[in-house]
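User: Please take a close look at a single part of this model, the open sheet, and then set it beside the helices that can be described with it.

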Amino acid sequence: MLALVALTPAQAQKTDRAKAIGHRMFCMCGCKQILVECNHVGCTMSTAMLKKLDAEVASGKSDDLILQAFVQDFGAEVIAEPPAKGFNWLAWIMPFAVVGGGLWVIRALLSRWHQPAPALPSGSAPPPDVLARIREETDREE
Amino acid sequence: MDLFGSFALLLAFACAGYAILAGLAGIRTRNPLLLKSARNAGMAVCILVVLGTASLVYLFYTNNFALAYVAEHSSRDLPSFYKLPALWSGQQGSLLFWSFLLSIYTFFVLFTNRGKHPELMPWVGVILASVQIFFLTLNCFVASPFSLLGAVGPSGAPMILARADGNGLNPLLQYPEMAAHPPNLYLGYTGFTIPFAFALAALLGRYPGEKWIHLTRRWTMVAWGFQSVGILLGAHWAYAVLGWGGYWAWDPVENASLMPWLTGTAFLHSVMMQEKRGMMKVWNIWLVFITFLLCILGTFLTRSGVVSSVHAFAQSSIGQWFAGFLVLILAVCLLAYFKNRDYLKSDNQLDSMVSRESSFLFNNLILLAACFAVLWGTLFPVISEAFTGNKISVGPPFFNKVNIPIGLFLLFLTGVGPLLAWRKTSADSLIRNFGWPLVGGALAGAAAFAGGFRHFYALICLALCVFVTLTIGGEFFRGAKVIRARTGMNWLSAVSELSLRNTRRYGGYVIHFGIVLIFVGLAGSAFNKDVQQAIHPGEQFSIGPYTLLCQEFETRQGPNYTAERATIEVTRNGKSLLMLYPERRQFNTANNETGTMVSIYSTAREDLYVVYAGRDPDSGAPIVHAYLNPLVKWIWIGGFVLILGTGLSILPNQRVAIVLSAARQYAEGGPAPATSPAPVSPYGAQH
C-alpha cells in the first residue's frame, strides 16, 4: 500500500509549452519513457524533472535554453532525438539519403529496362504466334 | 519430467543433425531412401520438441519450483490461465517456444510436400533443420529451461533445492492480450523461415522457374498475417495496459518486430513482378533473405542488451550466439548467391514508365527506406557512442519526424499502384481510374482545411485516405458492376463473387483498406489532449466534452495483488454516460511489482482514457490523468480488416467455368452448344 501511494508524477506541465518540451525528453530513471509519459510507480526522477521543467518554462527561457539546462544536468541522453550537429547529423541525413539514392537507382533501372514495343506497319495484323503469346500472357496477368 | 523434457530436446537436436547430414548426403548421391529418412527425421524433430515443451508446461502447472525457470516466472497463486504464458515470459522458455513453433511449421511444410518437388524439398529440409539445430543448441546447452535450482549440501555434494513458492509472473504479462501477443509475433518470426528456406533452396538447387514462389506465397502470407496480429496486439496492450496514453513508443523491441514486417510487405509485392514478368529475381531473393535476417536480428537486439529497452530480456551472453548465427546466415546467403547468381538472370523489360512494375519499384523503395530508418534510429545510439564516445538517445521525436513523410508517401502508393496496368497504363486509363479519387481526396482536404483543420501531416493523411479509399472502392465497383450485369446479382453478392474469383487481388485491396483505416487512427494522434489533476472525492474536472466527477477511492484485494481504485462518473452535456474504474495494482511478487488498469471509454470519434496515477507526494491527494485520443479505435478496426483481407487472400480462387464444358461435349460428338452459353457451375474450377 505504501508503494502505491509513494512517488507519483508531479502535478506539473501546467502549460502546453511545458508538455511540448517534455515530449522531447526522456525520463532519466532508466524506464526509457518520454518524460511527460513516464508513469511507473516509484520513479525517482520524473517528479523532480517535471518540477524543474515547469520552473524553467515559468522563467521565460527559450525552448533551446531549457533543453540545454537539462542536458547540463543529465547529459545528452536526456534529449529524445539526436542533436543536429557534428557526427549526429548523420542520424537525420541517412534515411533521406537512402530515399534519394533509391530514387536515383530506380530512375537508372527504369531507363535501362524501358524498351517500348516496336510499332507495327500500318494495315498488318500481328502474326498468329505473337497473338497466341499475348493472349497467354494476358490470361496470366489477370 | 524435467529429465524427460531435457532428453526429448537432446533427441530433437540429434534428429535435426541427422536431417542435415542425411539430407546433404541424399542430395549428393540422389539416394531416395536417404532423402526420405532425412525428411522423416525433420518431422520427428517436431514431435520431440512438442514433448519437450509439454514437459515444461506440465512443470508449470504442477508448481515444480525445483526448476529455476518455473521458480523465476510462476507462483502458486498465479491464475492457471497465466501459467501457460509464463512458459514464454523469460529467455529460456521463449527460446524453447521459438523452437516449438518452428518445428510445427517445419513439420507441416515437410508433410504437405512429401513426394513432391524432389529437386527442391531436400534442400528445404536441410535448411529448416539447420535453423532448428541452432535454436536446439541454445535450448539444450546454452539456455536450458530445465535447469534445476541447486545448492551445495552439508557433505559438499550438490543437491536439488526446491523452493516453496516462485517469484510469480511479471504483472505486465498478466493480461489476456499479453498471453496472445508473443505467440502471434513468434508465429510471424518463425514463419518467415519458410520462405527463406524455399528461396535459399531454389538458389542452391538452381530450381527452374518461379514455382518456389507459388509454393511459398501462402506460407509467407500466413507469417506476415501473424506478424501483423502480433504487432497490433502489442500496440493494443501498450495502450490498454501501460497507461501512458499511447500505443507505440518506437522502443527497440517494437522496432525489431516492425522491420521484418516492412521487408516482408515489400517481398509480398515485388514477388508479383517475378511471377508475372519474371523480373526482379535477384532483388526478391535478397528481400526474403533480409526479412529472415531481420527476424534473427530482432531477437538478437531483444536478448543481447546491445540496445536498452523496457521490453528486453535480462542481458546475457546469448547475444554472442545470435551475432554468430547472423554472420553465418549472411555468409551462406552470400556464398549461395555468388555461386549461383547466373541462375537469377532475368529479362528485365519495361514497356512504360507508367506501369505497375514501376509502382512496385517505388513501393519497395519506400518500404525499405522505412525499414532502414527504423533500423538506423534503433542502432544509432550505439553507432554514435562508438564513433564519438558520447551517449545520445534516439526516441519518438526522431522516428516520427522521419517516418511520417515516408509513411504518407507509402499511403499514396497504396492508392496508385494497384490501378496501374502491367506493362503500360494509357492516359485514358489514368484519367478513368484516378480522376474521381484525386478529386475526392482534394475536396476532402480542402473541406477539412476550411473547417479549421490545420495540422499539416494530418491534413495530407486525410486527403490521401479518402483518395485511396475511393481507388479501392472504384475497383470493387467496376468489377461488381460487370458481374451484376451478367448475373443479375445484388451488389453484396456481386462483390462477394468478385472477391472469391480473385482472392489474392481483392484480398489485397481489403488489406489496403485496413491500412487506410489504421492511418486514419494514427492521424488522430495529432490532436491528442490530456489533463492531469489532483482530485478528491466529490471534485471534478473537464477534458473536451467530458466532465469527470470523482466519487471515491478504495482499496481492494485481487487473487494475487492489492489495488487502489478510483470510481469516476463521466458526464457529457450534463448527462451521465458511464462509470470508469481506473486502478493501480501492486502484485504479491518478490519485487512487489505494480501495474495499471486503464479505463477507456471508446467511440468511433475518440477515446476517453483515464489512468489513476497515484497520489500527490506533497498533499497525498489522488491524481487522475485523463486523455482524449481522437480516432484511436480505427487503428484496431483497421487491424481487424487487415486480418480479414489476409485470410481472403490466402483462400483459393473460385472461378466460373463458362462455355468450355458445352464446347467440349460438342467436340466429342454431343449436341451443339446453345447460342448463349450459360455458366455450367459457379464454382467449376478451383485454383
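Analyst: Two strands are taken to pair if DSSP finds at least two bridges between them. In this predicted model, an open sheet of four strands in chain B has the order 3-12-11-10, and its pairing is antiparallel. The edges of this sheet are formed by strand 3 (529-534) and strand 10 (599-602) of chain B, each of which has a single partner strand, so one side of each is left without a neighbour in the sheet. From one strand to the next, the twist averages 15 degrees.

At the edge formed by strand 3 of chain B, the partner is strand 12 (residues 622-630) of chain B, which runs antiparallel to strand 3 and is joined to it by six bridges. Within this pairing, B:Q533 has B:V624 in strand 12 as its bridge partner.

Turning to the helices, helix 9 (residues 252-277) of chain B has 26 residues, which should span 38 Å at 1.5 Å a residue, and the end C-alpha atoms are indeed 38 Å apart, which agrees. Of the 26 residues in helix 9 of chain B, 23 are buried, so that the helix is mostly covered. Just after helix 9 of chain B comes B:G278, which takes a positive phi of about 65 degrees.

Helix 5 (residues 121-142) of chain B has 22 residues and reaches 30 Å from its first C-alpha to its last, close to the 32 Å expected at 1.5 Å a residue. Because 18 of the 22 residues of helix 5 of chain B are buried, this helix is largely enclosed by the rest of the structure.

How values were computed. Residues are numbered from 1 along each chain as its sequence is written. Chains are lettered from A and ligands numbered from 1 in the order in which they are written. This is a predicted model: local features need pLDDT of at least 70, side-chain atom pairs count only at pLDDT 80 or more; totals for chains, interfaces and linings use all residues. Helices (H or I, at least four residues) and strands (E, at least two) are DSSP runs, numbered from the N terminus. The expected span of a helix is 1.5 Å times one less than its number of residues. A residue is buried if 20 or more other C-beta atoms lie within 10 Å of its own, exposed if 12 or fewer, and partly exposed in between; C-beta atoms are placed from the backbone. Axes are lines fitted to C-alpha atoms, for helices over the stretch in contact, and angles run from 0 to 180 degrees between N-to-C directions.
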